[in-house]
Amino acid sequence: MYSALQQELTTFEKRTPKSAEAHKKNLRRLPLGVASNYRAYDPYPIFVKEGSGSKFRDLDGNEYIDHNLCFGALMAGHCHPAVMKAVSGRLTTGTMFGMPHDMEWELAEEICARFPVEMVRFGSSGTEATMHSIRLARAATGRDKIIKFEGAYHGLHDSALVSVKPKAEEFGDIHSPVSVPGGLGVPKAAIDNVVIATFNDLDTVKQRFRQFPGQIAAIILEPILMNVGLCLPEPGFLEGLREACDQNGALLIFDEVKTGAKLGWGGASEYFGVRPDMICLAKSIGGGLPLAAFGTHKRVMNLISQHKVFHGGTYNTNPVSMAAGLATFREVLTRDNYTHVDKLSEMLTGGYRKIVAKSGLQAYIASAGANGALMLYAKEIKNYRDWINIDIDLWRHYWFGMVNRGVMAQPYWWDEQWTISVQHTEADIKAHLAAFEDVAPALAKAQQERFATAAR
Ligand SMILES: Cc1ncc(COP(=O)(O)O)c(C=O)c1O
């Protein structure tokens, strides 16, 4: 580890002793000392105490401008007043019934007004939304296989945990990537039914349709690959997928768990002008409460109506989450708020670009809607295999450097990206940029030294 990174880690440990202590206690009873593997990192994760608006405080009382926002699930920011009002109104009138109520059609109407879907079912997590969508697509087509892109993340069920972060020694030829299980316990039969293509490479998709004629139920994808920092689809790519699905009788599933609420008012279909057959929503649609939805054509949803495909869930449409969802759609994810966030995004990305140019850092800024990322590459990445060539120590230097200056610039992990919430202000963005301006020269110097060492 190089000395500037070591210094940042030493500062981090000095600032956060209570997190270290709490993590030790967690480790005794929770694997990795966390409740989700994504929350674990070395030397230990920051333990949170409380949050409000655009900020949170840790156990030691340090305050951070928050661009992690629960891995992008809080476009509303913490404790948005409209969401809090709606939620508190429901806390004393029954939090779960397992019975229908009239917020269901109201929220379904909101979703159908924004996204090109006719009917909706609800759940609590993105994993559920993608799992049920894939099952429906299989039922609608009578086919078992799906196409998934290498490096894409769609949650934790067996059909999604394939080639999420495959290692170079396992992933095979880029023109025909191998399906690699994302850990033990994923059955071989599940892996055989997930065929892998390369993002931004239509030929790999067409080749899969040729290889498995009449066997592919759907293509599932994030319209913007957000499990590799931020990787935009090249012009024509999404349109090409639409065409390939139409030609082969397969469904196009947009996993909009991240993009749905954060790209703009109508999500990726509005942003890119491409209509999928199914949409998966979660994260930011709940305004801070667990809420998910999947939607599609009536023709496909009829499979549920006719009891041919089963969908259920004890927590589905619990009134607290639904009240939060309604408040989020009506008072948070408004056109005015998207204009506000777009303005802040321009300020943040423009500021980063200036600092990168001034410092001589070899990097670029990728951004779309409320999301963005400092990409530590000399040229733009197009797919997962480009992404893996990252200098992890340099990225850690950036992240801990920012954290030590009171800015959680994005979730920990170099595959993530920042989110700007509707509650962020210009002052937050200025403070974020000031922290980056402070970190960037040391980062650029470390990068140059590492290039020189590698060249020797
Ligand atoms: C694109 C995408 N799909 C699905 C999921 C799974 O969502 P959840 O963690 O709510 O199960 C995630 C979570 O990060 C995601 O980013």
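## A walk from the ligand outwards

An oxygen atom of the ligand lies 2.6 Å from an N or O atom in the side chain of threonine 127, and that contact is a good place to start. Keep in mind as we go that this is a predicted model. Threonine 127 has company: the residues around the ligand also include Ser125, Gly126, Tyr153, His154 and Gly155. Glu222, Asp255, Val257, Lys258 and Lys283 complete the surroundings. Two further polar contacts are worth finding on your screen. At glycine 126, a polar backbone atom is 2.8 Å from an oxygen atom of the ligand. At lysine 283, an N or O atom of the side chain is 2.9 Å from a ligand oxygen.

One of these ligand neighbours, Asp255, leads us into the sheet. Aspartate 255 stands opposite cysteine 280 in S9. Strand S8, residues 251-255, runs parallel to strand S9, residues 278-281, and three bridges pair them.

Now step back to take in the whole sheet. It is open and has seven strands, which follow one another in the order S4-S10-S9-S8-S7-S5-S6 with mixed pairing. Strand S4 (119-123) and strand S6 (194-197) have a single partner strand each, so they stand at the edges and one side of each is left without a neighbour in the sheet. On average, and ignoring direction, neighbouring strands of this sheet are turned by 20° against each other.

Two helices that pack on the sheet deserve a look. Helix H5 (residues 103-114) touches S4, S9 and strand S10 (292-296), and its direction makes about 120° with that of S4. Helix H12 (residues 298-305) touches S4, S8, S9 and S10, with its direction at about 120° to that of S10.

From here, let us move to helix H4, residues 81-91. The buried residues of this helix are Ala82, Val83 and Val87. They span an arc of only 125° around the axis, and therefore lie on the same side of H4. The general rule behind such patterns is that an α-helix has 3.6 residues a turn, so residues three or four places apart point the same way. What do the buried residues of H4 pack against? Their partner is helix H13 (319-332). On the face turned away from the buried side, H4 carries the exposed residues Pro81 and Lys85.

Next come a few backbone details. Most residues other than glycine have a negative phi, and most peptide bonds are trans. Threonine 317 has a positive phi of about 55° although it is not a glycine. You will find threonine 317 in the loop between H12 and H13, where it is buried with a relative accessible area of 12%. Phenylalanine 71, in helix H3 (residues 69-72), also has a positive phi, near 50°. This phenylalanine is buried, with a relative accessible area of 17%.

The peptide bond between aspartate 42 and proline 43 is cis, with omega about 0°. Proline 43 belongs to the loop between helix H2 (17-29) and strand S1 (48-52).

Our last stop is serine 19, in helix H2. Is serine 19 buried or exposed? With a relative accessible area of 0%, serine 19 counts as buried. Leaving aside residues up to four places away in sequence, serine 19 touches Tyr44, Pro45, Ile46, Phe47 and Asp60. A polar atom of the serine 19 side chain lies 2.9 Å from the backbone nitrogen of phenylalanine 47.

Notes. Residues are numbered from 1 along each chain as its sequence is written. This is a predicted model: local features need pLDDT of at least 70, side-chain atom pairs count only at pLDDT 80 or more; totals for chains, interfaces and linings use all residues. Side-chain values use heavy atoms; hydrogens and water are left out. Two strands pair if DSSP finds at least two bridges between them. Helices (H or I, at least four residues) and strands (E, at least two) are DSSP runs, numbered from the N terminus. Axes are lines fitted to C-alpha atoms, for helices over the stretch in contact, and angles run from 0 to 180 degrees between N-to-C directions. Contact means heavy atoms within 4.5 Å. Buried means under 20% relative accessible area, exposed over 50%, partly exposed in between (1.4 Å probe, protein chains only). The arc is that of the directions from the helix axis to the C-beta atoms. A residue is near a molecule or strand if one of its heavy atoms lies within 4 Å of it. A polar contact is a pair of N or O atoms within 3.5 Å; within protein, one must be able to donate a hydrogen and the other to accept it, and residues adjacent in sequence count only if both atoms are side-chain atoms.
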